[in-house]
Amino acid sequence: MASALIRYHALAQTPFANGWDSYYYLVQLKSLEESGRMHSPEASLIYPFLQLCYRLTGDYVLALKAGAAVLAGLFAWVVFTVPKAPLSGRLAGAAFALFSPTLTYFAAQYPKNLLGLVLLAAFIGSLSRVGKEGQKGWQKEMILPLTLLVINYFGHRATFALGVIWLALWFLFRYKENIGKQVLNRRFAAVFVTGLVLLAAASRVFPGLFHVVDFGRLERAFTPVPQFAPWSFVRYFGIERISGWWLVEVIVATGCWLFGLWRFFRKNGQAMAVLGVVLLFPFLEWSFTGISWRFFLIFVLLTPLWVIDWPFLKSRINGLVFAAFLTLGSFFSWHSYNPQWHDPDYSLMANVTAGARRFLSVKSAELVIAHNTLAEYFTFATGTDAMPWLPEYPVDSSRLWRIAAGIPVQTLRYYSGSEKAVQNLGFGYSLLPEYRWQIALQQAEKEQDTDILAEMRSWRNPGQIRPGWLLYRKRKY
């Protein structure tokens, strides 16, 4: 409860939805509520959960804030109740989750990922309660972990994949003395093959679930130049946007992992140390829109599961003192999330959308091309489709529009060959027909205006068709 209330207080700093992808969730939720179907079909459990939040609050933005806060609370609750560990260790782990600036940021930015993380933590914790083979009831004890893993298939792709990796590591360390015999066991082979068949069938029946086409996301995820994610975070996220509390959390998380690696090589193997290697794999290209960023955040968020096993915390007094210190710090650490530093400028998006809406109210627009955050906000606010891609399907040129960013209006009018076609929306944004934009792009290329071309080809002015792994889902569903 305390974790949820603190996160809600942090998220309520802005009247807009929190995070870079928030209005995508709200577009989905609004479409589901008002039309009975999703804007982009996706069989994720986050949407029924958000529907419940909406029914209780009656407000889309408030539902998203409340839902994210509740998930943050559930994460702390899972850390305290599910794993098999001394009470002092579980109390310290839950207090660490309560304190965590990363959890506050994650709740703001990635509610669907957080749902998957809650299920992943519950899965990892439940496996710690499974007795040794041969002990009474150990097979029944496997029902809960496997059920949680299956549910996570409908939670989030990344956390489901990490759950599969964890299950493999758990199996490896549990049966390291006779792993070959276990793998060749007929019952194991039958369960493994059956699981693969069921997952493959589910991916063809339910939209938006893990599918082999999702490996297309990894096309540019790797690099020959190594990087260390905790250092990359500090270097590229910007020390001015990282509070002292957040920096301490990252240092503690990294220290826990290094200590785990030391134990792995010196004493006994730990699956968590190996999972840390996966999450901090040095040849993942560092990108705030790629897998390396999400993996780093998950790495930090799994720290409470390290903390509960600290030998230092087996003492009840040590555990209580540590938990009390973190609980006190949580009243300050929530300030680490600041919408002005960490979210898009949604007040700007609202003004640009209002300007475009006034002009398009007398036009017939089927699709508007705009950069990602603006496209999602525009779709939610107006009900007219907008996307950060060129359409791969035919659209009437008179109904296809673009909101351009960062190009001076007079420059755009000059290159497009029309004064009236380009509408000034203010704040560096302009509205014009897409065909006029293409004329302007060709003319700028002809005149070799490199500065303007660089801006016209930046992320703020989308110019690519959706990649194949996205188009597959569009064709399929």
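**Entry 1: strand β5**

I began with the side chains of β5 in this predicted model, and asked which way each residue points: Y429, L431 and P433 point one way, S430 and L432 point the other way, and all of them are buried. The strand covers residues 429–433, and because 5 of its 5 residues are buried, I note β5 as largely enclosed by the rest of the structure.

I then looked up the strands that pair with β5. Strand β3, residues 400–405, runs antiparallel to β5 and is joined to it by 5 bridges. Within this pairing I found A404 with S430 as its bridge partner in β5, and I403 standing opposite L431. Strand β4, residues 423–426, also pairs with β5 in the antiparallel sense, over 3 bridges, and here G426 stands opposite Y429. The hairpin of β4 and β5 has 2 residues between the strands, and I wrote down F427 for its positive phi near 60°.

**Entry 2: strand β3 and the sheet**

Next I asked how many of the residues of β3 are buried. The count is 6 of 6, so β3 too is largely enclosed by the rest of the structure. Both faces of β3 are covered, with L400, R402 and A404 buried on one side and W401, I403 and A405 buried on the other; I marked R402 in particular, since an arginine is listed there among the buried residues.

Besides its pairing with β5, β3 pairs with strand β1, residues 367–369, in the parallel sense over 3 bridges, and in that pairing V368 stands opposite W401. When I put the strands together, I obtained an open sheet of 5 strands in the order β2-β1-β3-β5-β4, with mixed pairing. Its edge strands are β2, residues 386–387, and β4, each of which pairs on one side only.

**Entry 3: two buried helix residues**

I looked up T379, which is found in helix α21, residues 372–382. Is T379 buried or exposed? Its relative accessible area is 8%, and because the cut-off for buried is under 20%, T379 counts as buried. Leaving out residues up to four places away in sequence, I listed V27, H39, T384, D385 and A386 as the residues that T379 touches. A386 also falls within the range of the edge strand β2, 386–387.

I then turned to L279, found in helix α15, residues 271–279, which counts as buried at 3% relative accessibility. With the same sequence neighbours left out, up to four places away, L279 touches L162, F295, F296, I298, F299 and L302. I also noted that the C-alpha atoms of L279 and I291 are separated by 9.2 Å, the two residues being 12 apart along the chain.

**Entry 4: cavities**

A search of the whole structure gave me 2 cavities of 30 Å³ or more, and I followed up the second largest, in which about 50 Å³ of space lies. Rolling a probe the size of a water molecule over the atoms shows where empty space is left. Which residues line this cavity? I listed L11, N18, S22, Y25, L64, K65, A68, A107, A108 and P111. The elements that give two or more residues to this lining are α2 (22–35), α4 (60–81) and α6 (101–109), and the largest share, 3 residues, comes from α4. By class, I recorded 7 nonpolar, 2 polar and 1 charged residues in the lining.

**Entry 5: the whole chain and confidence**

Last, I took the totals for the protein chain, which has 25 helices and 5 strands. Buried residues make up 52% of its 477 residues. Among contacts between residues at least 6 apart in sequence, 71% join residues at least 24 apart.

For confidence, I noted that the chain averages a pLDDT of 86, and that 86% of the residues score at least 70. Where is the confidence lowest, and where is it highest? The lowest mean, 53, is in helix α25, residues 468–476, whereas the highest, 97, is in α6, one of the elements that line the second largest cavity. Where pLDDT is low, the predicted coordinates should not be read in detail.

How values were computed:
Residues numbered from 1 in each chain as written. Predicted model: local features only at pLDDT ≥ 70, side-chain atom pairs only at ≥ 80, totals over all residues. Heavy atoms only, no water. 1 Å grid on protein atoms, 1.4 Å probe; cavity = no way out; pocket = protein on both sides within 12 Å on 5 of 7 lines; lining within 4 Å. Points joined across faces, edges and corners; volume = space filled by probe spheres on them. Helix = DSSP H or I, 4+ residues; strand = E, 2+ residues; numbered from the N terminus. Nonpolar A, V, L, I, M, F, W, Y, C, P; charged D, E, K, R; others polar. Buried < 20%, exposed > 50% of the residue type's maximum accessible area, 1.4 Å probe, protein only. Pairing = 2+ DSSP bridges. pLDDT = per-residue confidence, 0-100. Contact = heavy atoms within 4.5 Å.
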